[in-house]
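User: I have a structure here that is new to me, and I'd like to talk it through with you.
Analyst: Gladly; let us put it on the screen and begin.

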Amino acid sequence: IFYTTSLVLPSLLGVGMFSVSLLAESQTQQLLPLFAAFMAVWGALMIKAWQRRQNKLALDWGMTNTHSADVVRKEFYGRPRTSPVTGEAELWYPDWKRAFKYCVTGLVMLVQVAFMTAMVTALYAGYFWIQSTEMSVYTNFLLNMANSTAWGICLELLNWIVWYQLASALNRFENHRTVQDHENRLIIKVFIFFFIDCFLWFFILAFFHIPFGRQIESTLASLGLHFDKPFERQVWMARLGLTIGAVLSITQWSMVFFADAYVPYMCKSWMKRREQRRRQARSDGGGAVGLDHAARELQRVEAQRSGATSIAMEQRTRPGLGVAGAGGSGRM
């Protein structure tokens with residue numbers, strides 16, 4: 001609530017800046033430094049205000065003298081030794097091994113940068129094809145929006161399906177001793193992976209392509225790559241805003257709906273149907289077993305009845321046999 005309430009004032013100013021940009025773009029360029037300075041001051045004041053509120057809440061709840069204990073992770077492994085500080089037995093992991101694993105993590109991040117650069121190149125190819133093809137304004141807008149939306153969906157899928165899992169695996173690979181160290185390193189890794197994944201395209205477009213677009217176009221022309229339409233700064237500025245809007249609005253909300261509402265609903269429905277099939281199969285199997293048992297019991301009873309009937313008929317035809325047999329058995 002505190003953070004959301006603090007965002008009210010910068011949100012209103014941002015809406016005002018956007019409205020001014022639609023009406024008078026030149027005035028917006030003059031107001032941007034003031035808006036940036038306000039955001040810097042607002043960020044510092046918001047952090048200080050949160051620290052004051054945090055201290056007040058800690059005082060109200062009697063939590064001023066509490067400190068977090070260093071809990072050793074169950075997954076931590078190492079070589080047993082006697083601690084030089086406490087003199088007790090403990091597990092020890094060499095620092096040089098963890099430093100080597102840090103280097104492996106750095107190499108993986110470089111691979112991620114290369115992979116994301118290849119994806120940005122594919123995104124550029126799509127934008128260049130749209131720009132170099134003659135089409136209506138409406139079709140151009142729809143294709144640009146589709147390209148930006150596809151890019152945003154790829155970012156979200158890569159974030160949670162690939163990069164988050166990879167960051168967690170690398171964090172476990174580094175074998176941190178305490179839970180606090182493990183969580184802190186995981187936060188850093190997730191932030192770096194997500195930052196590279198989400199903002200590499202924006203940084204390249206805002207700080208490389210837009211300022212040096214004409215030089216890039218002349219370099220590509222010297223290599224034999226020509227475009228039907230020349231570089232236009234305003235076109236790419238609008239494309240940057242369209243991409244940011246698509247990623248932060250359409251993609252974010254669609255992925256939130258898909259991941260937080262649709263996927264749990266489908267998983268719950270699938271589990272419910274599976275449980276119903278299991279119960280149906282169990283009931284059908286139990287019924288079949290019951291019928292087989294009843295049939296066997298019926299056959300056994302019929303066999304006993306038929307056997308008793310045959311013995312009775314034999315005794316009626318030869319009555320002396322039963323008496324003699326009984327007498328003989330009695331003498332024995």
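**A buried loop residue and its surroundings**

Analyst: One place to begin is N175, which counts as buried because its relative accessibility is 1%. Please keep in mind throughout that this is a predicted model.

User: Where does N175 sit in the chain?
Analyst: N175 belongs to the loop between α5 and α6. Its phi is near 60 degrees, which is a positive value in a residue other than glycine.

User: And how do α5 and α6 lie relative to each other, roughly parallel or roughly antiparallel?
Analyst: The axes of α5, residues 137–174, and α6, residues 179–209, cross at roughly 150 degrees, and α5 and α6 are therefore roughly antiparallel to each other. Those two axes come within 9 Å, and the crossing in which α5 passes α6 is right-handed.

User: Which salt bridge involves K189?
Analyst: K189 pairs with E174 through their side chains, at 2.8 Å from N to O. This pair links distant parts of the chain, with K189 in helix α6 and E174 in helix α5, 15 residues apart.

User: Are those two buried or exposed?
Analyst: K189 counts as buried because its relative accessibility is 5%, and E174 counts as buried as well, at 1%.

User: What does E174 have to do with R98?
Analyst: The two are in contact: once neighbours within four places in sequence are left aside, R98 touches F76, Y93, E174, N175, H176 and R177. That list also includes N175, the loop residue we began with. R98 itself lies in helix α4, which covers residues 95–132.

User: Which side chain of opposite charge is nearest to R98?
Analyst: That is D95, at 4.1 Å. A salt bridge here requires a nitrogen and a carboxyl oxygen within 4 Å, and R98, although buried, has no salt bridge.

User: Let's change topic. How many salt bridges are there in the whole structure?
Analyst: A search of the whole structure finds five, and K189 with E174 is one that we have already met.

User: What about R73, what does it pair with?
Analyst: R73 forms a salt bridge with E75, and their closest N and O atoms are 3.7 Å apart. R73 counts as buried because its relative accessibility is 9%, whereas E75 is exposed, with a relative accessible area of 54%.

User: And which residue does R279 meet?
Analyst: The side chain of R279 meets that of E275 in a salt bridge, at 3.6 Å from N to O. Because they are four residues apart in helix α8, which covers residues 233–317, R279 and E275 are separated by about one helical turn. At 54% relative accessibility R279 counts as exposed, while E275, at 32%, counts as partly exposed.

User: Stepping back, what is the secondary structure of the chain?
Analyst: The chain has nine helices and two strands. Read from the N terminus on, the order of the elements is α-α-α-β-β-α-α-α-α-α-α.

User: How much of the chain is buried?
Analyst: Of its 332 residues, 23% count as buried. As for contacts in the chain with a separation of 6 or more, 68% of them are accounted for by residues 24 or more positions apart.

User: Can we look at a pair of residues that are distant in sequence, say F202 and V120? How far apart are they in space?
Analyst: F202 and V120 are 82 residues apart in sequence, and their C-alpha atoms are 9.6 Å apart in space. F202 lies in helix α6 and counts as buried because its relative accessibility is 11%.

User: What about N184, which is in α6 too?
Analyst: N184 is found in helix α6, where it is partly exposed, with a relative accessible area of 29%. From N184 to N171 the distance is 9.9 Å, C-alpha to C-alpha, with their positions 13 residues apart in sequence.

User: Last one: where is Q29?
Analyst: Q29 is in helix α3, which covers residues 25–60, and it is partly exposed, with a relative accessible area of 46%. Q29 and M17 are 12 residues apart in sequence, and the C-alpha distance for that pair is 9.9 Å.

Technical notes:
Residues are numbered from 1 along each chain as its sequence is written. This is a predicted model: local features need pLDDT of at least 70, side-chain atom pairs count only at pLDDT 80 or more; totals for chains, interfaces and linings use all residues. Side-chain values use heavy atoms; hydrogens and water are left out. Buried means under 20% relative accessible area, exposed over 50%, partly exposed in between (1.4 Å probe, protein chains only). Lys and Arg count as positive and Asp and Glu as negative; His and the chain ends are not counted. Contact means heavy atoms within 4.5 Å. Axes are lines fitted to C-alpha atoms, for helices over the stretch in contact, and angles run from 0 to 180 degrees between N-to-C directions. Angles under 35 degrees count as roughly parallel, over 145 as roughly antiparallel, 65 to 115 as roughly perpendicular and the rest as oblique. A crossing is left-handed if the near helix is turned anticlockwise from the far one by less than a right angle, and right-handed if clockwise.
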